[in-house]
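This briefing looks at how two chains meet and at the charged side chains that pair within and between them. Please read it alongside the sequence and the coordinates.

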Amino acid sequence: MANALVFIDNPGAALKKSSLELLTLARKLGETAVAINGELTDDVAATLGAYGVATIFQPSADDLDDYLVAAKAGYLAAAVAASGATAVLVENSPEGKEIAGRLGIKLNAGVITDVVGVDADGTAHKSVLAGSYNTTAKATTPVSVFSVKANIVEPEPAGAAAAPATAKVEVPADAAANAARISSRTVKPASGRPDLSEARIVVAGGRGVDGDFGPLEELADALGAAVGASRAATDAGWIGHDAQVGQTGVTVSPQLYISAGISGAIQQKAGMQTSKVIVAINKDAESPVFEIADFGIIGDLFKVVPQATAEIKKRKG
Amino acid sequence: MKIVVLVKHVPDAQFDRHITGPGNTTDRDESILSELDEYALEAALQLAEERGGAKAGNEVIALSMGPSGAVNVVKKSLQIGAYSGVHLSDDALAGSDAAATSLALAATIRHLSADGRPVDLVLTGMASTDGETSLIPAQLAERLSLPQLTFASSLEVNGGTVVARRDAGSHSETVEAQLPALVSVTDQINEPRYPNFKGILAAKKKKIASLSLADIGVDPSEVGQAGSWTVVESAAARPPRTAGTIITDEGDAGIKLVDFLAAQKLL
Ligand SMILES: Cc1cc2nc3c(=O)[nH]c(=O)nc-3n(C[C@H](O)[C@H](O)[C@H](O)COP(=O)(O)OP(=O)(O)OC[C@H]3O[C@@H](n4cnc5c(N)ncnc54)[C@H](O)[C@@H]3O)c2cc1C
């Protein structure tokens, strides 16, 4: 019997950092099982063993990816029954949260989203109202479902590695009966930069970049950072919508957030104000972003940013 | 087509928001229509208008669950253009988590289908601007056994099929389902209209149905804190971020920035 079940959707050739974080966190709750969807490579199985996973569940059906959310929730409900787990951990992506939501109804289980920490007794920590409150919450039901944010623990393998057992889980025949079907999918070209929601450093630009993200991209590359944007910049089509940070974009919580040419509207702040260190570069001394910046520069980003990039390159040699 | 749009009464994010009371719930004085629900309402109005509007038998019903003040967001929805409104209100609903809320909303939607004209489409915003969990669309769809098409950045209904586009971080996809269905929409889908003078006058003549738990056949023990599956045990205001060092560029701010990053061990 497992205590915690971690869902890992399509692990690919190697586990993402956020998956390793889920596994690290799950060990606090007891013996861990994993439910994966998609192919399981030997490497991934070995890593799961190194992270203390006792059992890896796989679905009897291989078409879960053809449906939106509902089929995966059906599979996961069956995996919870098979594992006997009392806590389920999924990633906090929009899809992860929805799987958690449907799973909660299927299992009569309380769901807690946006989790940034879990105690051994199942108490979850989260921040709410755009980062203005820290709360603790708990499910009052036999099973708890958590969707957990990325970047909250350092991944750490278990003391002793084990070879996990694998087991098939029978996906309920009607799991996809009420699911929307995915009729086409286009994968966006990878930028080669870190994933925005997981990056340690984010360099973000707004209307002030006036159509040219070049200087920010160069700074990002010098720092190994992801590139983010305000809605004004994504709406203008200067950068893809997936770069948008904020209430209706991605929420980030990096070590360092550099905001350049962004005024700092409430919807933008909602997505970044839990960053450890905030740097703001803006021409206008009255911009609200300066109210939350640890280091603010009143100046033209087209002068400041290239100078900083050159200096970083010089110091890094 | 019969469309129900969920509209939520939320504290205005432009002001400080507070968590209060023994249940650690959000203070709802100074509340407004959740901005992200305006996109769902606009999408509903466009679908109904494309089909000939009220004259052709289409319905756009704005539904809000919440305390007495929540009726204001139903009224605002009517001013924007919703054809009729429903306000679900009951003291026992206070403190409902997403699971309990979705139970009450599911019962309300079944109730609205009981007149022989079933609801074809439930439309919601991508998240509320207070709880921000995005759980309600998924949980409501699960309770009503409906397909969900969430985070739609475009939406079409062709005959009995609903087609939506969604953009995830690494890919974009087209999803489709048969009606009845539930769709949540992002702020990319349209430009919501504002109430105009004509709309405000017209809203006065539109009907708002007030429903209680008894009307929708839900026992008070199934909702509120009694029916919730989660409890918020503690809430502490985060100290607001305070401004740090602000400098004005004198030609060397880029260098000073790198000095700062080095001092913070961020290089
Ligand atoms: C429902 C809703 C959801 C929203 N969701 C989001 C969201 O998720 N994310 C988001 O970001 N916004 C969101 N917004 C929009 C938000 O309200 C602001 O409009 C937006 O963040 C403004 O972007 P900006 O700061 O880039 O542009 P502006 O507010 O126009 O600010 C541009 C800034 O650039 C500065 N500037 C100009 N030129 C230079 C230069 N050369 N060097 C330095 N500084 C310069 C200016 O001084 C100014 O402060 C949302 C709005 C709504 C209504």
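**The interface and its salt bridges**

Across the interface of chain B and chain A, the rule finds six salt bridges, in what is a predicted model. Those six belong to a count that comes to 27 salt bridges over all chains. The points below take the interface by its extent, its make-up and its strand pairing, and then turn to individual charged pairs.

**Extent of the contact**

- On the chain B side 79 residues are in contact with chain A, where 84 residues take part.
- The two chains, B and A, bury about 7,000 Å² between them, and 55% of that area lies on carbon and sulfur atoms.
- Within the area that chain B buries against chain A, W229(B), R238(B) and R241(B) supply 12%, which is more than any other three residues.

**Polar contacts and make-up of the chain B side**

- The interface of chain B and chain A also holds 29 residue pairs in polar contact, with both residues of each pair at pLDDT 80 or more.
- The elements of chain B that give two or more residues to the side touching chain A include the helices α3 (98–113) and α4 (135–143), as well as the strands β9 (148–158) and β14 (230–237).
- Helix α8(B) gives the most to this side of chain B, with 10 residues.
- Sorted by class, the side of chain B that touches chain A has 34 nonpolar, 27 polar and 18 charged residues.

**Strand pairing between the chains**

- Strand β10 of chain A (residues 181–187) pairs with β11(B) in the antiparallel sense, over six bridges, and the bridge partner of S184(A) in β11(B) is T174(B).
- The side chains of E173(B) and R185(A) meet in a salt bridge, with 3.1 Å from N to O; because E173(B) lies in strand β11 of chain B and R185(A) in strand β10 of chain A, the pair joins two chains.
- In this pair E173(B) is buried, at a relative accessible area of 3%, whereas R185(A) is partly exposed, at 41%.

**Other salt bridges**

- D259(B) forms a salt bridge with R315(A), and the closest N and O atoms of the two are 2.6 Å apart.
- Within chain A, the side chains of D121(A) and K138(A) meet in a salt bridge at 3.6 Å, N to O, and this pair links distant parts of the chain, 17 residues apart, with D121(A) in the loop between β5 and β6 and K138(A) in strand β7.
- Both partners are partly exposed, D121(A) with a relative accessible area of 48% and K138(A) with one of 23%.

Definitions and conventions. Residues are numbered from 1 along each chain as its sequence is written. Chains are lettered from A and ligands numbered from 1 in the order in which they are written. This is a predicted model: local features need pLDDT of at least 70, side-chain atom pairs count only at pLDDT 80 or more; totals for chains, interfaces and linings use all residues. Side-chain values use heavy atoms; hydrogens and water are left out. Contact means heavy atoms within 4.5 Å. Buried area is the accessible area (1.4 Å probe) that two parts lose on being put together, summed over both. A salt bridge is a side-chain nitrogen of Lys or Arg within 4 Å of a carboxyl oxygen of Asp or Glu. A polar contact is a pair of N or O atoms within 3.5 Å; within protein, one must be able to donate a hydrogen and the other to accept it, and residues adjacent in sequence count only if both atoms are side-chain atoms. Helices (H or I, at least four residues) and strands (E, at least two) are DSSP runs, numbered from the N terminus. Ala, Val, Leu, Ile, Met, Phe, Trp, Tyr, Cys and Pro count as nonpolar, Asp, Glu, Lys and Arg as charged, and the others, Gly among them, as polar. Two strands pair if DSSP finds at least two bridges between them. Buried means under 20% relative accessible area, exposed over 50%, partly exposed in between (1.4 Å probe, protein chains only).
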